[in-house]
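Take a look at the chain below. We will go through its pockets, its nonpolar cores and its cysteines.

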Amino acid sequence: MRVVSGIQPTGNLHLGNYLGAIRNWVRMQDDMVERAQAAEDGSAEKNAQCLFFLADLHAISMPHEPTELRRATLEMAAALVACGIDPSRSVLFNQAQVHAHAELQWLLNGTARMGWLNRMTQFKDKSGKNREGASVALFTYPVLQAADVLLYQATHVPVGEDQKQHLELARDIAQKFNNDFASEEAPVFTLPEPISPPQAARIMSLRDGSKKMSKSDPSEMSRIELADDPDTVMKKIKKAKTDPEPLPSEEKGLEDRPEALNLVTIYAALTDKSVVDVLADFGGEGFGKFKPALGEVLVETLRPISERFTGLLEDREALDAILARGAAQARQIAVPTLDATYKALGLVRG
């Protein structure tokens, strides 16, 4: 079992990034390690493995600032390690250090079909009304996504609702390539299966419970950043927007109270409790009691993450070494698939 997943590098990582995506990666990693350790009978499970990559090649499909992309890539790598991705137990790397991603995308472009790409809804969403002005990379990046997973013979890929269409495209490309250039007994590509990760907490702005927590919000008080110190965390929670009513004892009492629901959701996610359990503990209490309790949980959760995150950002040599080592591992895994693809297509490589 091999799980492959990527994440676009974004700067100013916040609590929403951690609870929404990164924590699920850590849990997948731990699950793969447990599977491998439990397999003592020589089964395939002993090779259970996670590959996590920073999708910096995908990032250039949209207008970007090179200096910012470089900074954000390193920041994301530091955040993943700080949050629990262990480079000794998973393969962590950025796409740009593994040339096979771009190579395989080009080779698969001959198999992908314009009709398939025209149906991709994310291109329509991101290009908006100016499709003629969108980059070719934005149109073809689902083929790069296919290459990202097919390159490593991924058996499983975690996908949310917005990525299911792209995984189906990857399977279509793999199936057509195998049919056209390989035999049923010796296919070149594995058809990856989707994994639906546990429902991630949807973390909203601390200033407006109807909007997602975002790095683009001009107000720093709207979000808890991974690099925030304990005093800043407590200050932001105490100043978070709420209403004058006490917390209800039942979940339905949070309807039409988005800010209250958001703070309860954060507490529940951090303590691995349900909203119902949190309300059982705090129902009837005012925010004067609940906010300090939430702040303490946040501080204790984020303190080791923040310290590790800041330390890694200040140690560029260690960060470079982590990505270089992961890229070397990824290249080693990728070579057989890339070689088989060239051979199947009849390309002469000397």
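**Pockets, cores and cysteines**

Six elements each supply at least two residues of the lining of the largest pocket: strand 1 (2-7), helix 1 (15-38), helix 6 (121-127), helix 7 (136-150), strand 4 (156-158) and helix 8 (164-181). The model is predicted. Which helix gives the most to this lining? Helix 1 does, with eight residues.

The largest pocket has a volume of about 1700 Å³. Its lining counts 50 residues. Nearest its centre lie Gly20, Ala21, Gly160, Asp162 and Gln163. By character, the lining of the largest pocket divides into 23 nonpolar, 19 polar and eight charged residues.

Now turn to the second largest pocket. Its volume is about 250 Å³. Here 15 residues form the lining, and Gln8, Pro9, Ala59, His64 and Leu69 lie nearest the centre. Two elements give two or more residues to this lining: helix 2 (56-59) and helix 3 (66-83). Helix 3 gives the most, with three residues. The lining of the second largest pocket holds six nonpolar, five polar and four charged residues.

Next, the nonpolar cores. The largest has 64 residues. Within this core, Leu15, Leu80, Phe290, Leu294 and Leu298 have the most contacts. Which helix provides the largest share of the core? Helix 12 (residues 287-314) does, with eleven residues.

Leu294 shows what such a position touches. Set aside its neighbours within four places in sequence, and Leu294 is in contact with Ile237, Leu263, Ile266, Tyr267 and Leu270. There is also a second core, separate from the largest. This second core has 42 residues, including Leu104, Tyr141, Leu150 and Leu338.

Last, the cysteines. A disulfide is a covalent bond between the sulfur atoms of two cysteines. How many disulfides are there? The count comes to zero. Why does Cys50 form none? The closest cysteine sulfur to that of Cys50 is in Cys83, and it is 16 Å away, too far for a bond. A disulfide needs the two sulfur atoms within 2.5 Å. The same gap holds when seen from Cys83: its closest cysteine sulfur, in Cys50, is 16 Å away, again too far for a bond.

Are these two cysteines buried or exposed? Cys50 is buried, with a relative accessible area of 1%. Cys83 also counts as buried, at 9% relative accessibility.

Notes:
Residues are numbered from 1 along each chain as its sequence is written. This is a predicted model: local features need pLDDT of at least 70, side-chain atom pairs count only at pLDDT 80 or more; totals for chains, interfaces and linings use all residues. Side-chain values use heavy atoms; hydrogens and water are left out. A nonpolar core is a set of buried Ala, Val, Leu, Ile, Met, Phe, Trp, Tyr and Cys residues joined through side-chain atoms within 4.5 Å. Buried means under 20% relative accessible area, exposed over 50%, partly exposed in between (1.4 Å probe, protein chains only). Helices (H or I, at least four residues) and strands (E, at least two) are DSSP runs, numbered from the N terminus. Contact means heavy atoms within 4.5 Å. On a 1 Å grid over the protein atoms alone, a cavity is a set of points where a 1.4 Å probe fits but cannot get out, and a pocket is an open set with protein on both sides within 12 Å along at least five of seven lines; lining residues have an atom within 4 Å of a point. Grid points are joined across faces, edges and corners, and a volume is the space filled by probe spheres set on the points. Ala, Val, Leu, Ile, Met, Phe, Trp, Tyr, Cys and Pro count as nonpolar, Asp, Glu, Lys and Arg as charged, and the others, Gly among them, as polar.
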